[in-house]
Amino acid sequence: MAQEKMLTGCSAAAQALKLAEVEVICSYPIRPYTAIMMELSKMVANGELDAEFVHGEGEHAQLSVVLGASACGARAVTGSAGVGVTYAFELYSPVAGGRYPLQMTIADRTLDPPGDFGSEHTDAMSTRDQGWILGWASTPQEVFDNTLMGYRIGEDPRIMLPQMTCQDGYFISHIPDKVKLADLKQVKEFLPPYSAPHPISTTCPVSHGPQIRPDQGAPMDAQRAATFLDLPKVIKEATEDYNRIFGRNYDPFLEKYKLEDAEIAFFIQGAHSNTCRTAVDTLRKQGLKAGMARPRWVRPWPTREIAEALGHVKAVGSIETSTSYGGAMRGGNLIHELRASLYDLDERPLTTSFMAGLGGETIWPEDFEFMAKVLSQMVREKRAQKYVYWIGFEE
Amino acid sequence: MAKIHEITVWTRGVIMDKEGRDIASAFGDAVAMEGKHVQVFDNYEDLPDRVLVTTRKYVRISDEEIEHKYVYTNDHPDVVVVAEPTIVKGINVLKGLKEGGLLIINTNRPIDYMLQFIPNADELGAIATVDADGISGVRTIDFSGSEGGVDAVGVGAGIAAPIVGAMARVTGMAKKENLAKIVKDVAGMERGYNEVKLQKFRKFKSSLGSLQG
């Protein structure tokens, strides 16, 4: 029987990586993700995990090391947080373009200036156009599960793409919660060994990442884009297998909470969805038909699923835990794609966005009540007054 | 919302970080043994990996389930514990203290001497001192490493033991017998319990657990 333990998100990630039998690990410290590497290094030192543990001299080196490892056919993992994620930026496109299905495990941290440990999703969100599979967990349990699902999806021969499995710093990475672990037998059934199609080899030489001509660039981009069209199918298969083998109940793309008869809905990813769910219950006790949709993956973006789940709602508020300065909606990132997902509907919900939880601030139940008031007003007036509300800065 | 008692422990990075954590976790575990709901955690914003910086550890105690876990500071402590006495010279450790709250300092100096460094002592209900360094004979045992580090030496082997003993005596929130099941240095804990000195002030309230002299 699979054990149940109280684990932080960091420990949960390490436990899943151990069960995935990762072969190459490359670390460089930065809070809050560091604890994942500390746990992994203990496992390697104690002989519980047979992996090569490499200390990178920075995040750029970390990504370079795992790129090489993955090119040789190893199941590789690295990770980071905050400015560490952005320091590695050059490597994101080569890793995805080279189709190396390694995993980067991220505990979000606010970017500088001036330096703050709090969770904010801008670090990993800013990599969203680099061709990686990108998604957020909302509990340590989901961190564990997404880590295993990430490899299965990314290493699928139809996909071959790297994955970023993200968790909010502190809120998930540092607060223990109940985590149902898994048996190695279950993991083996779910996750076949990684098999690289053209591994770097001394006996059978191959070229990886050579310089190409301009006319060879567009076909590679088109191929990558086509792979992303296949991704939803593979994610659906993997999630269904995972639910069956491990006894979970994940929706592949969107957690839908009390949406069936909802008139207003919150659209939110990550840790604060836990508070949001409680707020939905409170609002419903007050007679307001509220609901919540939580995307599990940002890349691929679940366009169709969002239209289906939120089409009937009268007003949707996107809660933005990342910034897009000067963007179309003047605030965060999710709202742009949320609106685009709803645009083709004959009758579409009104939308607005709320900047909240930036710099690692807690989003309080009262904040959700304020947002609900704004959304209700939009329903009454049949229009949105503003593109964005900054929680804590509004009159 | 549940009524919550908050304890804040002040300590210093690296050299005393484990002791601070031991104080919070041993005391929290002992309280939990009485069936109370307890949260124990580090201050996430502090820098435990930098030598001698002040770091904070927190305990929250309630009769009901503590719903909210996303708030990472104790803003209104009932009890403040200072594991290294010079901290009071530079930092307002009583910030946010509930009126009539309690301050416990690890020091061998007289209470009156310590009070000269605490300009807002009039907010206190009582102050207590315990000479944990004298009792333990060692300042700290080991740096176990925050954030998932190895903790091979066990909990409460250094100054944490007499300090939690003193805390049990003056707050009445935890039982000495339960602490004895948790800390490694049981004799040190007992000495802290017996040797703690307490001075009550005008704002002293007995509502703080069953505060004992």
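Two residues are taken to be in contact when their C-beta atoms, placed from the backbone, lie within 7 Å. With that in hand, let us walk through this predicted model, beginning with chain B.

Helix H5 (residues 160-171) of chain B lies across four strands, E4, E5 (101-106), E6 (124-130) and E7, and runs at about 155 degrees to E5(B). The strands beneath this helix belong to an open sheet of seven strands with mixed pairing, in the order E2-E3-E1-E4-E5-E6-E7 (chain B). Strands E2 (37-42) and E7 (197-200) of chain B each have a single partner strand, so one side of each is left without a neighbour in the sheet. On average, and ignoring direction, neighbouring strands are turned by 15 degrees against each other.

Further into the sheet, strand E1 (residues 4-12) of chain B pairs with strand E4 (residues 79-82) of chain B in the parallel sense, over four bridges. If you would like a place to look, Val9(B) stands opposite Val81(B) in E4(B). Helix H1 (residues 17-32) of chain B also packs on the sheet, touching E1, E2, E3 (54-62) and E4 of chain B. Its direction makes about 5 degrees with that of E3(B).

Stepping back, chain B has seven helices and seven strands, and along the sequence they follow the pattern β-α-β-β-β-α-β-α-β-α-α-α-α-β. Of the 213 residues in chain B, 51% are buried. Among the contacts of chain B with a separation of 6 or more, 74% are between residues 24 or more positions apart.

Now to chain A, whose domain assignment gives domain 1 (4-246) and domain 2 (254-390). The C-alpha centres of these two domains of chain A lie 28 Å apart. Where they meet, 25 residues of domain 1 of chain A are in contact with 19 residues of domain 2 of chain A. On the domain 1 side, helix H6 (122-125), strand E6 (133-136) and helix H9 (214-246) of chain A each supply at least two residues. By class, that side has 13 nonpolar, eight polar and four charged residues.

A good landmark in chain A is strand E11 (residues 290-295), where six of six residues are buried. In a regular strand the side chains alternate between the two faces of the sheet. Both faces of E11(A) are covered: Ala290(A), Met292(A) and Arg294(A) are buried on one side, and Gly291(A), Ala293(A) and Pro295(A) on the other. Strand E9 (residues 254-257) of chain A runs antiparallel to E11(A) and is joined to it by four bridges, with Tyr257(A) partnering Met292(A). Strand E10 (residues 264-267) of chain A is also joined to E11(A) by four bridges, here in the parallel sense, and Phe267(A) has Ala293(A) as its bridge partner. E10(A), helix H10 (residues 273-285) of chain A and E11(A) make a right-handed β-α-β unit.

Helix H1 (residues 9-19) of chain A is buried at eleven of its eleven residues, so it is largely enclosed by the rest of the structure. The buried residues include Gln15(A) and Lys18(A). Just after H1(A), Glu21(A) takes a positive phi of about 50 degrees.

This helix also brings us to the place where the two chains meet. The contact takes 14 residues from chain A and ten residues from chain B. On the chain A side, H1 and H2 (34-45) each supply at least two residues, and H2(A) gives the most, with five. By class, the chain A side has seven nonpolar, five polar and two charged residues.

A few backbone details round off the tour. Most residues other than glycine have a negative phi, and most peptide bonds are trans. The bond from Arg31(A) to Pro32(A), however, is cis, with omega near -5 degrees, and Pro32(A) sits in the loop between strand E2 (24-27) and H2 of chain A. Another cis peptide bond joins Arg299(A) and Pro300(A), with omega about 0 degrees; Pro300(A) is found in the loop between strand E12 (297-299) and helix H11 (303-310) of chain A.

Arg99(A), in the loop between helix H5 (92-97) and strand E5 (103-108) of chain A, has a positive phi near 60 degrees. Arg99(A) counts as buried because it has 22 C-beta neighbours inside 10 Å, and the cut-off is 20 or more. Met160(A) has a positive phi of about 50 degrees, and with 18 other C-beta atoms within 10 Å it is partly exposed.

Note on methods. Residues are numbered from 1 along each chain as its sequence is written. Chains are lettered from A and ligands numbered from 1 in the order in which they are written. This is a predicted model: local features need pLDDT of at least 70, side-chain atom pairs count only at pLDDT 80 or more; totals for chains, interfaces and linings use all residues. A residue is buried if 20 or more other C-beta atoms lie within 10 Å of its own, exposed if 12 or fewer, and partly exposed in between; C-beta atoms are placed from the backbone. Two strands pair if DSSP finds at least two bridges between them. Axes are lines fitted to C-alpha atoms, for helices over the stretch in contact, and angles run from 0 to 180 degrees between N-to-C directions. A crossover is right-handed if, with the strands pointing away from the viewer, the path from the first strand over the helix to the second runs clockwise. Ala, Val, Leu, Ile, Met, Phe, Trp, Tyr, Cys and Pro count as nonpolar, Asp, Glu, Lys and Arg as charged, and the others, Gly among them, as polar. Domain bounds come from an automatic or database domain assignment.
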